[in-house]
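User: I'd like a close look at one part of this protein, with the salt bridges and odd backbone spots added around it. Could you start from a single residue and work outwards?

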Amino acid sequence: MSGVSRRQMLALAGAAGGALALPWSTVGWAAPGQDRVADIYLDVLHEHTHWVEEQWDATIGAYAAAEFGFIVVLGNAVLLRAEKYDPVKAGVPKAQLKARTLATIERFAASNRLAGGDEWGQQLFWDSTFELHFVLAARLLWDDLGAETQANVQKIAGGQAAYVVGLGTADDPLSGQWSPNGTAGGWAGDTKLAEMGVYAQALAPGLAWYRDDPKTRERFGMWATNASGLPAADRINDAVVDGRRIGDRATAHNIHDSFIVENQGSADPQHLAELWRTAGRAAIHFLVAGKPLPQVLTRPPNGEQLWRTLRLLASDAGEPVLPMVADHYHGYGRDVLPLAFLAQVQGDADAARAEADLAARLTPYLHHEPAYRLTKLAGADESQARAELAIAYLFHRYRDRPTPPNPAFFRDASGTRDFGAEIGMVVHQCERAFAAAVTKDGFVRFLWQPGHDNWLVDSRAPGFLPPGRIPTGQWVTAYEKVRDGVDATVTVLTLGEQQYAGFATLPTGTVIYASTGLGAGEGSLTIFNLAMPGVPGLTGTRTFTSAGGELVLSDREASGDGGTDHLTFSPRPARYVRMLAREAATGFGYSIWTFAVLDKEGADLAQGALPGASSSDVTFPARNATDGNPLTRWAVDHTEAARPDGWLAVDLGSLVTVAGVRIQWADAYATRYVIQTSSDAVTWEDAVVVPKVHKITGGWVGIDGRAGLVSRGPITVTANGVSAPARLIEGYVDADLAAAARRTLPTAEGLQVSDADGYLTIFNLAAGGVTSTVTTPWTGRIYRGVQTATAHGLQWTVTLAGGTALVEPPRFTIDGPVPPGTRFDVADSRTVTVTAPPGQRLRLTVRTAGRSVPVRLKPGAARTVTVPGSPVTPTADRARGRTTFPTSPLPAGMTSPGRAVDGDPATSWRPGPSGRMVVDLGVPVTVGDVRLTWTTGPVRPVRLALSLDGLDYYPYSTATPVPARYLMLTVEDWHPGDAELLEVAAFPVSSPTS
């Protein structure tokens, strides 16, 4: 529990009942101004109180019962206990806030089912989460509560723990579909990670405040251990947590073996973060009560691997990218707690960086419309966000000093991962950008976030792909530097007969899109363009730079990106006004909160008028869009969601002069539509076409100085979008776009080729295989394989199967004159054979990895150059870079088994007393040769075994090779001073070893 002082915890816990006995100002915590993140949290809690006071229900004398609005009491309690309460920021006097908070605690403590009431409580999903917040609020204000209320709070804490223990391993009958599926869990389509986490967190208040008995603690450990459980090889973990071996408790399968979770049918990084959200909710009770944290909260199985996944998906706002989001986005308030727990309780510097990035956005986001909301979502999310922000603030109060952020976060988080066919997603994080390709039905898109800016390119849109296209096939690969010599990904989608689209990502942050020509909407990026002072880039304008100069477009022109569209047009007479859609942003069709028709003075003529629509959901009729209530909305019927031409029309009753419309879109919005007017509802005239298009010349366009596209075709821009519908588009983060557009591209018959940033990216967008000669201008770079210099550049032969692609990094660079006919045969990253042309001497220098080798050859002579240094790439070793077990936490005395497959000769695996590791080869491989390399020291006896499922193993034998996915290595009787394993390498039968 790094950074949390035991003295602080004990000083803060009262001897009787665990109330806070000392004011926070006596604790050795950083003074105001020394922890900027904590100061932001306190300010935001103050300002968010404006929304809180809207939840006051005078008829019951408490904050609202609906949607658990009364959970705002936790944020209130933290404010009331802060060193300084600011009534101006909060918008309410302290005395009033305190009176209302205490009245609410008294009322809902009595109405909880566990205390004898009948209004709420006991149900694990999701009442127990709100009970947890409620109990903590009461404990923070314990001395201000009456004896009856204190007794009721104790009944809630103890009763909920007893209820969970009483269930044993069964599902909660009160929670319906929200169940953990016993101790087996679930992972395909819908994880049970959160459900098991809720079982554990429901026990925490009872353990902290009521009774710390062995049975309750055992149940807590069991549920918390299994929340992040991966099956098969993960079960060998001999690490001891809270006095129990993980392997003795591990039964559940809640995460994919690529370390991501699914929620309701799609990959959901925010749901993955539930591991630390539930841990944070539980941990704060132990901290405030002055009791040690259970180890499993800070040492959960696979915690390091799941955190690595979130870092792979990180944006510059601290919260993860949502590659499969279909509705809400930027829910900042719900992302704070997991990061605060990781940063301030576990002391993780990467989490501290993400937390600081997110905290910097909270105030601007809070002020953005609708103001004083942390999530901009309806329902219980808002009160939940307030409670979790309050807990995050408390975590800062319990540290001696805040965890310093990692300034090299994105460098350290860089990497690629193919999450597998079941997930349907491959991602690439690098220092300069995030990119991903999603192939899962309903979410197909190519994502790109230049500079990790999640307020630049809208990742809810399909990104380069035309909307609505459903792949009939896909080919995906993720290159990894440790195995392939480069971090990159490439995806090719089959989108119909002889129609293909490909997407490649490079380690420089550059992306390349290629296609056979797919029609309308192709090559488009949706751009955010709005004013949110305090968030970089959201100034209310976007500047587009091209060969023709600069074009500045304001958010007043921005429409088709959701939110509020305010459109004006020349005044005209009309009785009917309608929105006629042309293209939807999501698979949910169209939905509008408010549709206002404006006169010349801006007054709304449509309020109370009779609307009609192409279709309506029975719950969200058309009349909701003009009823004057901003909390009701119209939505198309779900059976019509795929229809592009949905519409909503308003009958104003008579012929009047109209001059504009204002549309408040819900999450299902139109990216392209037209506003039309009519006098008879038969003949319609276009008033505004959304979006307004501007033409760009010169083959390139820069977007706000943050990114740019290079295309050999026409480019158009709008205030919230860029379109370059060419068959090859390059997207750059920071580059000389004009120079990139002027350069001569490589060519190859039957293939599409880019040499962006020196990498050869080659697509075969056809059904049949192609062998072709790639001709590139001479740049001094040479690639794996055979290539020959010509008078104009380099020729390199490549063979690609139909519907595939490759990314080839430069393996060497050549300095000096290279006459035509010079041949380079590159075997791998360390070996190249140079052959001089007949009749001409050769004098050049071969360079790679900081090393240089002069080459001097007579005419026609050849020399093979082998450069020592880093491990050879690409490699046939199927173990290199693969997942290893145990994952985390590790048994005592053991270092990470990953150190034996990381390709780094400076790292090694220390077996420790447990002495067992497993390598997941990814797919079944017929293993022929296994090579072990050791450090100095006695080498203990080793047993090798293979398995297809990670559970049942059979001895490895070179005499009878058999298919296996898992390779187990057991070191017998290892002691300190014995040899450690530098590398384990596994080569398939009939494969050349490296």
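Analyst: Let's start with Q122, which counts as partly exposed at 21% relative accessibility. Keep in mind that this is a predicted model. Q122 sits in the loop between α5 (94-111) and α6 (127-140). Its backbone is the odd thing here: phi is positive, about 75°, although Q122 is not a glycine.

N302 makes a good partner for that story. Phi of N302 is near 65°, again a positive value in a residue other than glycine. The surroundings of N302 are another matter: its relative accessible area is 0%, so N302 is buried. You'll find N302 in the loop between α13 and α14, and both of those helices are among the elements that cover the buried residues of α15.

So on to α15, the part to look at closely. How many of the residues of α15 are buried? The count is 10 of 10, so the helix is mostly covered, with buried meaning under 20% relative accessible area. The buried set includes L337, P338, F341 and V345. What lies over these buried residues includes α2 (36-54), α12 (274-289), α13 (295-298), α14 (303-312), α16 and α17 (381-397).

Of those neighbours, α16 deserves its own paragraph. Two packed helices are described by the angle between their axes and the distance between the axes. For α15 (residues 336-345) and α16 (residues 349-367), the angle is about 140° and the axes are 8 Å apart. That makes α15 oblique to α16, since only angles over 145 degrees count as roughly antiparallel. The crossing of α15 past α16 is left-handed.

Which residues of α15 and α16 meet? On the α15 side they are V336, L339, A340, L342, A343 and Q344, and on the α16 side A351, A352, A354, E355, L358 and L362. Sorted by type, the contact of α15 with α16 has 10 nonpolar residues, one polar and one charged. An α-helix has 3.6 residues a turn, so residues three or four places apart point the same way. You can see that kind of spacing in the contact list, with V336, L339 and A340 on α15, and A351, A354 and L358 on α16. After α15 comes G347, whose phi is positive, near 75°.

Now the salt bridges. A search of the whole structure turns up 43 of them. One of these has R245 and D248 meeting through their side chains, at 3.1 Å from N to O. R245 is partly exposed, with a relative accessible area of 22%.

R965 and D257 also form a salt bridge, at 2.4 Å from N to O. This pair links distant parts of the chain: R965 is in strand β48 (residues 963-971), D257 is in the loop between α10 (246-249) and β5 (262-263), and they are 708 residues apart. How do R965 and D257 compare in burial? R965 is buried, with a relative accessible area of 17%, whereas D257 is partly exposed at 35%.

A third pair is R847 with D815, where the closest N and O atoms are 2.3 Å apart. R847 belongs to strand β41 (residues 842-848) and D815 to strand β38 (residues 812-815), so the bridge ties together parts that are 32 residues apart in sequence. Both ends are partly exposed, R847 with a relative accessible area of 35% and D815 with 32%. Elsewhere, salt bridges that share partners join E274, R277, R281, R334, D381 and E388 into one network.

Back to the backbone for two cis peptide bonds. The bond from T873 to P874 is cis, with omega near -10°, and P874 is in the loop between β43 (862-866) and β44 (884-885). Another cis bond joins S888 and P889, with omega about -5°. P889 is in the loop between β44 and β45 (916-934).

Last stop: T747, in the loop between α20 (737-742) and β31 (752-754). At 48% relative accessibility, T747 counts as partly exposed. Leaving out residues up to four places away in sequence, T747 touches T773, V774 and T775. The C-alpha atoms of T747 and Y590 are separated by 44 Å, and the two residues are 157 residues apart along the chain.

Terms used:
Residues are numbered from 1 along each chain as its sequence is written. This is a predicted model: local features need pLDDT of at least 70, side-chain atom pairs count only at pLDDT 80 or more; totals for chains, interfaces and linings use all residues. Side-chain values use heavy atoms; hydrogens and water are left out. A salt bridge is a side-chain nitrogen of Lys or Arg within 4 Å of a carboxyl oxygen of Asp or Glu. Buried means under 20% relative accessible area, exposed over 50%, partly exposed in between (1.4 Å probe, protein chains only). Helices (H or I, at least four residues) and strands (E, at least two) are DSSP runs, numbered from the N terminus. Axes are lines fitted to C-alpha atoms, for helices over the stretch in contact, and angles run from 0 to 180 degrees between N-to-C directions. Angles under 35 degrees count as roughly parallel, over 145 as roughly antiparallel, 65 to 115 as roughly perpendicular and the rest as oblique. A crossing is left-handed if the near helix is turned anticlockwise from the far one by less than a right angle, and right-handed if clockwise. Contact means heavy atoms within 4.5 Å. Ala, Val, Leu, Ile, Met, Phe, Trp, Tyr, Cys and Pro count as nonpolar, Asp, Glu, Lys and Arg as charged, and the others, Gly among them, as polar.
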